[in-house]
Amino acid sequence: MKENVIFCYSGTGNCLDMAKNIAKRLGNTDIIMMRKYPAVTDVREAKRVGFVVPCYGGGLPGYVERYIRDIKVSPDAYTFGIGQCAAYKGEGLSKINSIIPLKYWAVVTHQCTCIWLFPHDLMMPKMGAKEAQARSEFFAEKIAKDIKNNATTRKKLSKAIINKAEHAAWPKIARKKGQTLKANDNCIMCGTCAKVCPTGNIRYAGKAVVFSDKCISCCACVQYCPQEAINFGKITEKRERYHNVNITVDDLNQEIISF
Ligand SMILES: Cc1cc2nc3c(=O)[nH]c(=O)nc-3n(C[C@H](O)[C@H](O)[C@H](O)COP(=O)(O)O)c2cc1C
């Protein structure tokens with residue numbers, strides 16, 4: 001086991017890019033992905049254990065909370081949580097903090113990946129993809145320095161009570177939205193959508209792409225489709241696609257990424 005471990009969920013790359021930028025600077029680090037059940041959950045040998053996660057509908061994405069409940073961390077470990085969001089952090093980090101107390105936490109806004117809700121540049125502060133990426137890299141460097149120094153965040157994590165109701169309703173909203181997913185005639189059956197889907201919600205039946213009812217609305221199928229053939233109904237037809245410029249489908253599908 002490496003000295004440092006970072007558990008990361010990422011739908012469209014922003015969080016994995018952040019985790020990699022931190023890991024690169026820390027060295028001796030394993031990034032353990034949580035798009036599926038993590039390959040390792042007992043990390044009691046690690047000296048530093050962190051989480052890099054996005055905010056989805058005011059809270060943690062998909063099944064991440066369930067996975068984190070299984071993670072075993074040494075009581076002596078230095079712990080940290082980094083949240084990425086378009087505008088507000090929601091209750092995700094405070095949920096992690098209630099399961100595994102965090103010594104250090106920070107939130108960085110990045111492009112909005114929820115394409116059916118907003119165009120990607122509708123983040124706080126509003127900016128385009130290049131600028132947002134440069135800003136995220138700037139913060140990654142600062143955060144890595146803090147983590148190296150075992151810094152603590154004095155400000156308490158708020159319980160984000162306002163986001164509780166939003167997040168409780170989220171799985172149903174996501175599933176319903178997922179039922180509007182369709183691939184159009186530009187589809188070349190390349191397999192990208194099925195490969196990038198974290199819940200195995202997409203399969204091919206003959207010449208049709210079939211979406212099941214397990215969508216968590218990560219939007220990766222829409223954002224990574226090389227033909228821009230997948231849409232949530234009509235609302236995303238003219239919307240520009242976005243995924244993190246440094247992160248490929250293969251990167252997202254790794255179980256453990258070592259530095
Ligand atoms: C389904 C979904 C829901 C989201 N909900 C929120 C939200 O409640 N608040 C927010 O500020 N950003 C929200 N976002 C934006 C993401 O948190 C942000 O784009 C993040 O950088 C995505 O990270 P990723 O590319 O690693 O998945 C949402 C994105 C998605 C796909």
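Strand β6 (78-85), helix α3 (residues 92-99) and strand β7 make a right-handed β-α-β unit. The crossover is termed right-handed if, with the strands pointing away from the viewer, the path from the first strand over the helix to the second runs clockwise. Helices (H or I, at least four residues) and strands (E, at least two) are DSSP runs, numbered from the N terminus. The model is predicted: local features need pLDDT of at least 70, side-chain atom pairs count only at pLDDT 80 or more, and totals for chains, interfaces and linings use all residues. Residue numbers start from 1 along each chain as its sequence is written.

Within α3, Gly92, Leu93, Ser94, Lys95 and Ile96 are buried, a term applied if 20 or more other C-beta atoms, placed from the backbone, lie within 10 Å of the residue's own (exposed, 12 or fewer; partly exposed, in between). These buried residues of α3 pack against β4, α2 (64-69), β6 and β7; contact requires C-beta atoms, placed from the backbone, within 7 Å.

The two strands of the unit, β6 and β7, run parallel and are joined by 6 bridges. Gly83 has Val107 in β7 as its bridge partner. Both strands belong to an open sheet of 6 strands with mixed pairing, in the order β7-β6-β4-β1-β2-β12, where pairing requires that DSSP finds at least two bridges between two strands. The edge strands, each pairing on one side only, are β7 (104-109) and β12 (256-258). On average, neighbouring strands are turned by 15 degrees against each other, direction ignored.

Helix α1 packs on this sheet and touches β1 (4-8), β2 (29-33), β4 (48-54), β6, β7 and β12; the direction of α1 makes about 175 degrees with that of β1. Axes are lines fitted to C-alpha atoms, for helices over the stretch in contact, and angles run from 0 to 180 degrees between N-to-C directions. Helix α4 (residues 129-148) lies across β4, β6 and β7, and runs at about 175 degrees to β7.

The ligand is surrounded by 26 residues, of which Gly11, Asn14, Cys15, Pro54 and Cys85 come nearest; a residue is near if its C-beta atom, placed from the backbone, lies within 6 Å. Two or more residues of the shell are given by each of α1 (14-26) and β6. By residue class, the shell divides into 12 nonpolar, 14 polar and no charged residues. In this scheme Ala, Val, Leu, Ile, Met, Phe, Trp, Tyr, Cys and Pro count as nonpolar, Asp, Glu, Lys and Arg as charged, and the others, Gly among them, as polar.

Several backbone features lie in loops. Most residues other than glycine have a negative phi, and most peptide bonds are trans. Cys219, in the loop between β10 (208-211) and α7 (220-224), has a positive phi of about 70 degrees although it is not a glycine. Cys219 counts as buried because 29 C-beta neighbours lie inside 10 Å. Beyond residues up to four places away in sequence, Cys219 touches Gly11, Thr12, Thr113, Cys114 and Ile115. Ala160 likewise has a positive phi, of about 50 degrees, and is placed in the loop between α4 and α5 (161-178). With 20 C-beta neighbours inside 10 Å, Ala160 also counts as buried. The peptide bond from Met124 to Pro125 is cis, with omega near -10 degrees, and Pro125 is found in the loop between β7 and α4.

Definitions and conventions
Two residues are in contact if their C-beta atoms, placed from the backbone, lie within 7 Å.
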